[in-house]
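Let's take a walk through this one together, strand by strand and helix by helix. Have the viewer open and follow along.

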2 protein chains.
Amino acid sequence: MAKISWLPIPRGSHFSLSNIPFGIITTASSQSPRPAIAIGNQVLDLAVFSSNDGFSALPSIHPYISVFSQPTLNAFAALGRPVHRSVRDYLQDIFMDDTKHPQILKSNTMLQQIALFPLKDVQTHLPMQIGDYTDFYAGLNHAYNVGVMFRGAANALQPNYMHLPVGYHGRASSVVISGTPIRRPWGQILDPKVPIFTQSKKLDFELELGAFVCSANKMGEPIPINEAESFLFGFVLVNDWSSRDVQAWEYVPLGPFNSKNFGTTISAWIVLTDALEPFLGKGLENKTEIQAYLEEARDENVYDINLEVDLTTKSGTTTITRTSSLNLLWSFPQMLAHHSITGCPMQVGDLLASGTISGTEPGTQGSLLEQSQNGKEALKLQGGDERKFLEDGDMVTIRGVCGVDEDALVGFGECIGRIEPSIKL
Amino acid sequence: MAKISWLPIPRGSHFSLSNIPFGIITTASSQSPRPAIAIGNQVLDLAVFSSNDGFSALPSIHPYISVFSQPTLNAFAALGRPVHRSVRDYLQDIFMDDTKHPQILKSNTMLQQIALFPLKDVQTHLPMQIGDYTDFYAGLNHAYNVGVMFRGAANALQPNYMHLPVGYHGRASSVVISGTPIRRPWGQILDPKVPIFTQSKKLDFELELGAFVCSANKMGEPIPINEAESFLFGFVLVNDWSSRDVQAWEYVPLGPFNSKNFGTTISAWIVLTDALEPFLGKGLENKTEIQAYLEEARDENVYDINLEVDLTTKSGTTTITRTSSLNLLWSFPQMLAHHSITGCPMQVGDLLASGTISGTEPGTQGSLLEQSQNGKEALKLQGGDERKFLEDGDMVTIRGVCGVDEDALVGFGECIGRIEPSIKL
């Protein structure tokens with residue numbers, strides 16, 4: 001049953017009492033980036049809350065209280081999963097109608113006035129300082145769909161695909177917060193037999209899920225698969241913008257580079273790993289026998305997040321994708337165990353992304369590459385527009401939410417980006 | 001003619017008065033990492049030097065003097081090329097026999113005693129906090145040699161190779177300072193038709209040159225080719241350790257990942273771009289017409305650094321590679337212009353590496369993959385050992401130096417790593 005708050009939380013809010021996601025905000029009254037949680041249509045400024053004795057009834061956090069006045073969540077994340085859990089539990093209680101500590105906030109209208117802001121009035125910022133960003137390719141249906149397109153059904157998946165979570169190192173500096181405009185990149189493409197220099201003509205989105213790392217392993221020491229989840233701080237939605245024409249020309253033999261490094265958008269609020277725990281389910285079946293270092297003790301290791309993609313053009317907004325993040329072959333603990341099996345050092349703030357998440361049916365695919373069959377078929381949109389790839393001014397909005405009880409949803413809010421015309425050179 | 005110093009600088013030193021490379025040190029007396037320069041067999045501690053009025057005769061640096069008490073060189077680098085030049089010129093003068101300011105150090109034995117340390121007594125550390133690390137593939141002979149091995153001479157180079165500097169995003173967290181041990185990684189390899197989990201059996205080095213970025217471009221705004229050099233702080237030697245058997249199984253279609261992310265070693269002293277300027281030469285010829293955004297105004301755009309690789313095994317030390325960094329098809333300004341043509345944001349502290357540098361003759365190749373023909377032929381080493389790939393305990397030492405006047409060399413010192421056995425799992 002849904003927890004009841006003294007704070008009005010609208011039915012259908014992504015930020016119910018069951019969620020308590022963390023982000024970084026600024027407000028008109030203070031331009032210092034600082035931690036906050038989202039709750040209903042409000043945010044609680046944790047810098048103000050903590051400096052006004054908001055955590056007085058949680059003594060275990062007192063030695064670390066300065067983490068709530070940092071400009072990123074790295075220091076909070078580095079405290080580890082048990083601390084995240086106790087802080088989240090505490091903040092849940094503070095907002096509950098039958099809170100154990102009404103004097104902290106429920107009956108403290110003074111603190112409410114200075115620490116609560118309407119969500120619509122705050123500016124969100126990158127929640128973590130990202131060291132390295134790794135993008136996997138764990139969406140089996142996406143890999144298959146793209147493989148069929150370029151190599152036919154018989155050879156759709158590469159021989160390694162079912163044996164290990166294929167991934168590549170992405171460009172950390174290009175990760176931006178939801179709402180940041182994305183410029184159409186220039187680049188080299190084949191047209192049709194010789195390379196030309198042009199603005200990308202096949203600009204695409206990719207629907208992904210991302211995880212932030214909250215613990216470091218020592219260089220040279222792999223993270224064991226059944227400890228990997230304790231390294232995961234929380235999750236965000238990811239749009240790994242892609243230039244398909246640049247990619248096709250550049251990617252052999254070292255993989256995607258310029259086709260990806262012009263921008264990757266993440267949602268603003270990190271949903272803690274604990275908040276997603278109730279929504280674990282079974283991912284896609286892998287009949288291949290996998291190596292022991294990738295075998296998880298648990299059977300349900302992938303989250304069931306309902307994902308949607310809206311495409312907004314001049315003619316209107318169309319929901320072009322509806323799918324679930326169960327459409328993954330590999331779990332995040334598996335990605336992390338594979339990534340570190342070489343001893344690769346993971347650091348607090350590293351971002352791992354899932355790769356494009358697609359279902360198998362029309363309308364469930366997480367990229368225009370799949371939906372338009374690489375530009376062969378135009379999508380018909382609300383209001384009459386058609387699209388094969390993204391045009392200037394188009395806006396892509398990803399949403400993700402867990403649960404069915406409209407009063408207890410655990411959601412990510414939105415991950416938004418609008419395409420700006422290429423810069424004039 | 002070589003500049004003459006009041007400080008004894010041994011003939012053949014990499015760190016002549018013509019060099020003045022920057023690094024980060026700690027000493028027995030102070031464990032705080034801080035900037036220093038190397039000169040002859042000594043280092044000058046810039047934290048001590050600056051806090052004892054060492055820069056009193058360079059007023060332009062006074063507003064920024066705190067950069068010399070930082071634990072990395074990022075803040076100094078961010079001041080930009082003209083400041084690096086004035087600080088290098090000033091320090092050159094301070095050490096010259098006919099210095100304009102003898103009272104600063106030449107006749108100030110007190111400051112000499114507290115600011116000069118024997119090179120052999122200091123510990124060096126990563127000189128920059130590295131945001132993103134990108135590895136290119138600009139060594140044409142290496143790309144060709146490897147291509148012939150796997151695809152035959154007719155298809156050795158991929159169609160894109162002569163048109164753009166192929167590269168991939170590397171793992172920044174795995175970049176370590178010279179002297180750090182490198183553990184043999186575990187991973188999946190094909191043996192011969194099914195994947196097994198094993199310690200890598202084809203561990204290799206890669207001889208590369210690296211450049212640190214000292215300026216940021218705004219996201220969405222490419223760096224013009226003829227401004228790109230002003231973004232380059234200085235250069236280091238790079239050993240991009242590679243697991244060839246892991247690479248062969250994992251790299252299709254997204255490129256090298258675990259085969260590279262277990263460690264990349266860089267030399268300790270950053271040779272400033274200004275110090276290398278006199279050694280510019282012509283790189284490898286490219287008869288392909290390249291796009292305007294990659295065309296440099298200048299003809300000589302690649303450094304002529306004499307490079308050597310020593311392999312030390314139980315039986316002795318053998319110089320297995322002698323080549324020059326002129327063996328590059330693309331210059332660093334070209335790499336940077338290509339990398340940012342999409343608007344990819346470069347940041348102060350980013351590391352770009354050249355890719356493996358090889359000549360065309362036996363004994364000039366920058367990897368064991370080439371030298372052993374992927375394990376087909378064993379290299380005969382001093383003292384009787386043979387090697388196809390690296391064994392536990394083997395040490396690889398890369399050296400690089402410019403110039404012929406033994407009193408005016410501009411060198412990098414050494415980039416060293418020793419292979420440790422795999423961790424027990």
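How many of the eight residues of strand β25 (residues 395–402) of chain B are buried? Eight of the eight, so β25(B) is largely enclosed by the rest of the structure. Before going further, keep in mind that this is a predicted model. It scores ipTM 0.97 and pTM 0.98, and for chain A the mean pLDDT is 97, with 100% of its residues at 70 or more.

Back to β25(B). In a regular strand, side chains alternate between the two faces of the sheet. Here, Met395(B), Thr397(B), Arg399(B) and Val401(B) point one way, while Val396(B), Ile398(B), Gly400(B) and Cys402(B) point the other way. All of these residues are buried, whichever way they point. Now look at the strands that pair with β25(B). Strand β20 (residues 306–313) of chain B runs antiparallel to β25(B), and seven bridges join the two. If you want a landmark in that pairing, find Leu311(B), whose bridge partner in β25(B) is Val396(B). Strand β26 (residues 410–420) of chain B also pairs with β25(B) in the antiparallel sense, over seven bridges. The landmark here is Thr397(B), which has Ile416(B) as its bridge partner in β26(B).

Next, stay in chain B but move to the low residue numbers. Five strands make an open sheet there, in the order β4-β3-β2-β1-β5, with antiparallel pairing. Why is one side of β4 (116–118) and of β5 (123–125) in chain B left without a neighbour in the sheet? These two strands stand at the edges and each has a single partner strand, so one side of each has no neighbour in the sheet. On average, neighbouring strands of this sheet are turned by 45° against each other, direction ignored.

Pick out strand β1 (residues 22–27) of chain B and follow its pairings. On one side, β1(B) pairs with strand β2 (residues 30–39) of chain B in the antiparallel sense, over five bridges. The two form a hairpin, with two residues between them. Two cross-strand pairs help you trace it: Phe22(B) stands opposite Ile37(B), and Ile24(B) has Pro35(B) as its bridge partner. The other pairing of β1(B) is with β5(B), again antiparallel, through three bridges. There, Thr26(B) stands opposite Gln123(B).

What about burial in β1(B)? This strand is mostly covered, with six of its six residues buried. Phe22(B), Ile24(B) and Thr26(B) sit on one side, Gly23(B), Ile25(B) and Thr27(B) on the other, and both faces are covered.

Which helix lies across β1, β2, β3 (42–45) and β4 of chain B? It's helix α3 (residues 81–95) of chain B, running at about 75° to β2(B). While you're in this chain, have a look at Val48(B), which belongs to helix α1 (residues 46–51) of chain B. Leaving out neighbours within four places in sequence, Val48(B) is in contact with Leu111(B), Ile114(B) and Ala115(B). For Val48(B) and Gln112(B), which are 64 residues apart along the chain, the C-alpha atoms are separated by 10.0 Å.

Time to hop over to chain A. Helix α3 (residues 81–95) of chain A has 15 residues and reaches 21 Å from its first C-alpha to its last, close to the 21 Å expected at 1.5 Å a residue. Of its 15 residues, 11 are buried, so α3(A) is largely enclosed by the rest of the structure. Scan the buried set and you'll find hydrophobic names alongside others, including Arg81(A), His84(A), Arg88(A), Gln92(A) and Asp93(A). Val83(A), Val87(A), Leu91(A), Ile94(A) and Phe95(A) are also among them.Finally, zoom in on Ser340(A), found in helix α8 (residues 332–340) of chain A. Is Ser340(A) buried or exposed? Ser340(A) counts as buried, because its relative accessibility is 0%. Its side chain has two backbone partners to look at. A polar atom of the Ser340(A) side chain lies 3.0 Å from the backbone nitrogen of Ile223(A), and the side chain also reaches the backbone oxygen of Leu336(A) at 2.9 Å. Not counting residues up to four places away in sequence, Ser340(A) touches Asn217(A), Pro222(A), Ile223(A) and Met346(A).

Terms used: Residues numbered from 1 in each chain as written. Chains lettered and ligands numbered in written order. Predicted model: local features only at pLDDT ≥ 70, side-chain atom pairs only at ≥ 80, totals over all residues. Heavy atoms only, no water. Pairing = 2+ DSSP bridges. Helix = DSSP H or I, 4+ residues; strand = E, 2+ residues; numbered from the N terminus. Axes fitted to C-alpha atoms, helices over the stretch in contact; angles between N-to-C directions. Contact = heavy atoms within 4.5 Å. Buried < 20%, exposed > 50% of the residue type's maximum accessible area, 1.4 Å probe, protein only. Polar contact = N/O pair within 3.5 Å; in protein donor to acceptor, adjacent residues only side chain to side chain. Expected span 1.5 Å × (residues − 1). pLDDT = per-residue confidence, 0-100.
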